[in-house]
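Hi everyone, thanks for making room for me today. Let me put the structure up, and then we'll walk through a few spots together.

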Amino acid sequence: MPSFRNQPDPVLTDLLAALRRERVDAADPERLVLELQIHQIELELQNRELLEARQLLEDARDDYVDLYDFAPVAYATLTGEGRITRMNLAAAALLGVERARGLELFLGTRLAPGDGRNLLSSLGRVLASGEQESIEVGLGRPTANRRNLHLMIRRDDRPATGEAPTCRVILFDITEITRARAEIAAQRHFLQSVIDGIGDPVVVIGTDYRLLLMNRAARLATGVPPEGRCGLSCYGAIHGRDAPCDSPEHPCPVPQVLAGGTAVKVVHRKRCANGQTQWIEVIGAPLLGPGGEILGVVESLRDITEHLDLTARLQERELQLEHLAQHDPLTGLPNRLLFADRLHQAMRHAHREQRKVALLFLDLDRFKAINDSLGHPTGDLILQQAARRMSTLVREGDTVARLGGDEFTVILGGLTQGSDAGLIANKLVAAFQEPFAVADRPLYVTASIGVSLYPDDGIELDTLLRNADSAMYRAKDQGRDTFCFYTEDMTAQALAQVTLATDLRLALARAQFVLHYQPQIELATGLIVGCEALIRWQHPEFGLVEPGRFIPLAESTGLIVPIGAWVVRTAATQMKAWQERALLTDAAVWVNLSGRDTQDPNLAATIAGLCGEVGVHPGGLAVEITETWIMSNPDLAATNIRRLQALGIAVGIDDFGTGYSSLAALKRLGVSEIKIDRSFVAGLAQDPDDRAIARAMIALGRALGLRVVAEGVETQAQADFLQAEGCRIAQGYLFSRPLPAEQFEVYARDAAPVKENIHAQPR
Ligand SMILES: Nc1nc2c(ncn2[C@@H]2O[C@@H]3COP(=O)(O)O[C@H]4[C@@H](O)[C@H](n5cnc6c(=O)[nH]c(N)nc65)O[C@@H]4COP(=O)(O)O[C@H]3[C@H]2O)c(=O)[nH]1
């Protein structure tokens with residue numbers, strides 16, 4: 001299109017300039033003609049400008065129409081009633097109508113129920129106020145195909161003259177955005193429900209410490225309402241502070257998490273209104289963006305007060321269990337397990353330091369008698385007191401342990417010389433000289449100790465223990481109440497003991513037992529008034545073995561039962577043989593009963609049966625039982641004694657004075673004889689106490705009408721003393737050692753004739 005402005009007609013402009021110049025000098029009427037020509041040219045030029053402007057306007061209008069029609073954004077013009085007076089193609093497409101037909105359409109009729117009314121209200125407001133408004137409406141009725149529109153409504157301030165006022169509306173299709181928004185909302189709801197479902201408080205904190213999200217538990221704990229969290233700082237909302245926490249009671253994990261990008265665990269201490277302390281474990285983990293950038297911190301809080309309490313209780317329980325597993329519950333001393341551990345430790349240490357370790361094996365003397373006669377509670381009290389005594393005597397680093405029963409061990413570590421152990425052993429033995437205070441009565445319980453040394457006597461626990469044990473037995477053999485160092489010959493003895501135990505099982509079948517008989521002498525006349533049958537074991541390798549070496553073994557293995565039966569049968573047979581040869585016709589043969597026998601409810605019947613087998617009246621036999629066994633079950637003992645007496649069998653107490661029963665009690669049980677233990681007889685010459693005891697026993701025994709026999713009489717002085725005190729019968733090497741049957745027979749024939757059976761008529 002030609003543009004006059006850009007390309008002004010040079011002919012007309014030149015002509016106009018020439019005419020204007022001419023006009024300057026022209027006179028009328030030529031000047032008037034010039035004026036007219038100039039005016040004409042100017043009109044022509046103006047006309048051309050007008051044409052140009054009109055053309056421009058038309059071009060612009062065309063451009064606008066194109067832009068309007070083909071704009072990707074939907075435009076429409078609506079009347080106040082929502083009637084479409086104009087719309088572009090995008091709007092027609094969006095509304096799903098042909099543009100020509102869509103004109104005059106009421107937009108409200110195409111909208112979701114309720115939205116048409118909203119549109120009309122909005123149009124009314126915009127027309128009235130001139131203020132722009134935006135609303136969101138649903139287009140189309142069926143829910144499935146509904147589209148969501150965002151309408152921006154602006155009043156058209158230049159309506160065509162005479163036309164009703166209209167609004168220009170831009171329609172945005174926000175269906176996808178709405179769907180995405182709904183999805184996000186659903187997701188958000190889901191996530192909120194998930195974290196609300198977590199019982200512990202969870203808080204999401206931004207890098208600026210602002211609360212981004214809280215779960216229900218966190219809201220309840222802090223009192224922050226769901227809508228009120230935005231803008232609140234975590235320290236303000238949770239701790240009521242105006243700056244991030246920095247107290248040692250509330251260490252804040254946020255800076256560390258933000259700096260390190262890894263999870264951090266801290267523990268908060270909270271003082272409750274009731275004065276109690278609450279412990280909160282706070283785990284801060286980084287909140288990461290899609291690119292791995294840290295957006296904040298996710299803090300989860302957990303009240304671990306109960307957990308800590310429980311853990312502490314469990315730890316305490318564990319310690320208790322550990323202690324229980326390693327300690328003896330009665331005395332609190334280390335048990336066998338801990339003892340082994342300590343001994344190993346002491347040996348390792350001594351090995352490094354070139355030192356020695358002493359292992360003391362301590363056994364209470366005659367403890368079993370106490371336990372059996374005074375009861376286990378008394379025994380327990382003594383064990384506890386003994387443990388305390390021992391513990392106070394050793395150094396802190398040393399160990400006193402209880403292996404079980406009345407067996408204790410003491411580990412003395414870091415000794416330069418083994419003999420130092422003797423000092424402690426001595427002190428320990430001395431510590432037992434003091435009486436134990438039990439049930440308001442003093443009880444004397446001594447101890448025997450065996451000592452073995454590391455590395456001299458062994459480099460292994462078992463060896464050291466075995467050797468200390470052997471040494472302890474040696475101490476017992478030496479009269480108890482003393483200690484003994486281990487020597488190599490003890491091993492040989494211990495070995496022999498093991499061999500004995502094995503051989504003992506076969507001894508009966510191989511007829512290796514024999515009975516020796518020791519006479520009981522009436523002191524006044526020298527007559528034999530009875531004899532005691534004492535068993536011996538004719539061992540093929542060790543020779544004649546004393547009962548002291550195998551009876552305990554037989555008792556512990558149960559072999560004592562057949563052995564006991566053998567003794568009764570053999571003694572009865574012997575008695576019958578002597579009676580047939582008119583020897584010892586009125587004197588009883590005393591046999592020793594074991595503890596097992598005493599505890600056998602059929603004891604009397606068994607003895608009667610054995611005598612029956614032999615064909616001899618049981619009344620010729622008498623039995624010795626120990627006070628200890630009687631006291632271990634007095635009721636059964638009383639029954640047994642009664643039944644034995646019914647058979648004419650006298651019952652004597654063997655070791656009277658070593659137990660803790662009263663003589664009167666024994667008398668009530670039907671006991672007819674007591675034997676003064678040879679330990680008292682042995683001390684008669686030098687120990688005034690022994691003399692007093694023997695004197696008292698004799699007097700009491702006589703007063704109660706009991707047969708009193710002194711055992712182990714070796715010297716004439718002892719015999720004289722006993723006789724002077726009123727003891728009528730004695731037994732001992734002074735008169736004869738226990739003899740094989742044939743020799744006893746010779747002795748009996750050579751000696752004075754046998755007197756009447758004294759046990760039948762006591763006194
Ligand atoms: N030092 C010394 N000792 C003297 C003297 N006179 C006698 N003896 C010993 O004293 C012990 C007395 O027997 P016990 O007290 O009944 O003590 C007995 C008894 O408790 C037990 N015993 C012996 N034979 C049997 C048996 O057939 N059955 C059971 N169950 N035990 C028996 O073995 C223990 C020891 O018996 P033995 O070694 O024969 O020892 C015997 C005897 O040899 C003396 O003057 N001086």
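**Around the ligand**

Okay, start at the ligand: one of its nitrogen atoms sits 3.0 Å from a polar backbone atom of Ile 535. Keep in mind that this is a predicted model. Right next in the numbering we have Arg 536, and here an N or O atom of the side chain is 2.7 Å from an oxygen atom of the ligand. Asn 592 has a polar side-chain atom 2.9 Å from a ligand oxygen.

So how many residues surround the ligand? There are 22, and the closest are Glu 532, Arg 536, Asp 654, Glu 714 and Tyr 733.

Now for some helices. When two of them pack, we describe the pair by the angle between the axes and the distance between those axes. Take H18, residues 560–580, and H20, residues 603–614: the angle is about 45°, and the axes are 9 Å apart. Angles from 35 to 65 degrees count as oblique, so H18 and H20 are oblique to each other. Their crossing is right-handed. H18 brings residues including Ala 565, Val 568 and Arg 569 to the contact, while H20 brings Ile 607 and Leu 610, among others. By class, that's 7 nonpolar, 1 polar and 3 charged residues.

One more pair: H13, residues 376–393, packs with H14, residues 420–431, at about 145°, with axes 10 Å apart. That crossing is right-handed too. Here Arg 389, Met 390 and Leu 393 of H13 meet Lys 427, Leu 428 and Ala 431 of H14. This contact has 4 nonpolar residues, 2 charged ones and no polar ones.

Methods: Residues are numbered from 1 along each chain as its sequence is written. This is a predicted model: local features need pLDDT of at least 70, side-chain atom pairs count only at pLDDT 80 or more; totals for chains, interfaces and linings use all residues. Side-chain values use heavy atoms; hydrogens and water are left out. Axes are lines fitted to C-alpha atoms, for helices over the stretch in contact, and angles run from 0 to 180 degrees between N-to-C directions. Helices (H or I, at least four residues) and strands (E, at least two) are DSSP runs, numbered from the N terminus. Angles under 35 degrees count as roughly parallel, over 145 as roughly antiparallel, 65 to 115 as roughly perpendicular and the rest as oblique. A crossing is left-handed if the near helix is turned anticlockwise from the far one by less than a right angle, and right-handed if clockwise. Contact means heavy atoms within 4.5 Å. Ala, Val, Leu, Ile, Met, Phe, Trp, Tyr, Cys and Pro count as nonpolar, Asp, Glu, Lys and Arg as charged, and the others, Gly among them, as polar. A residue is near a molecule or strand if one of its heavy atoms lies within 4 Å of it. A polar contact is a pair of N or O atoms within 3.5 Å; within protein, one must be able to donate a hydrogen and the other to accept it, and residues adjacent in sequence count only if both atoms are side-chain atoms.
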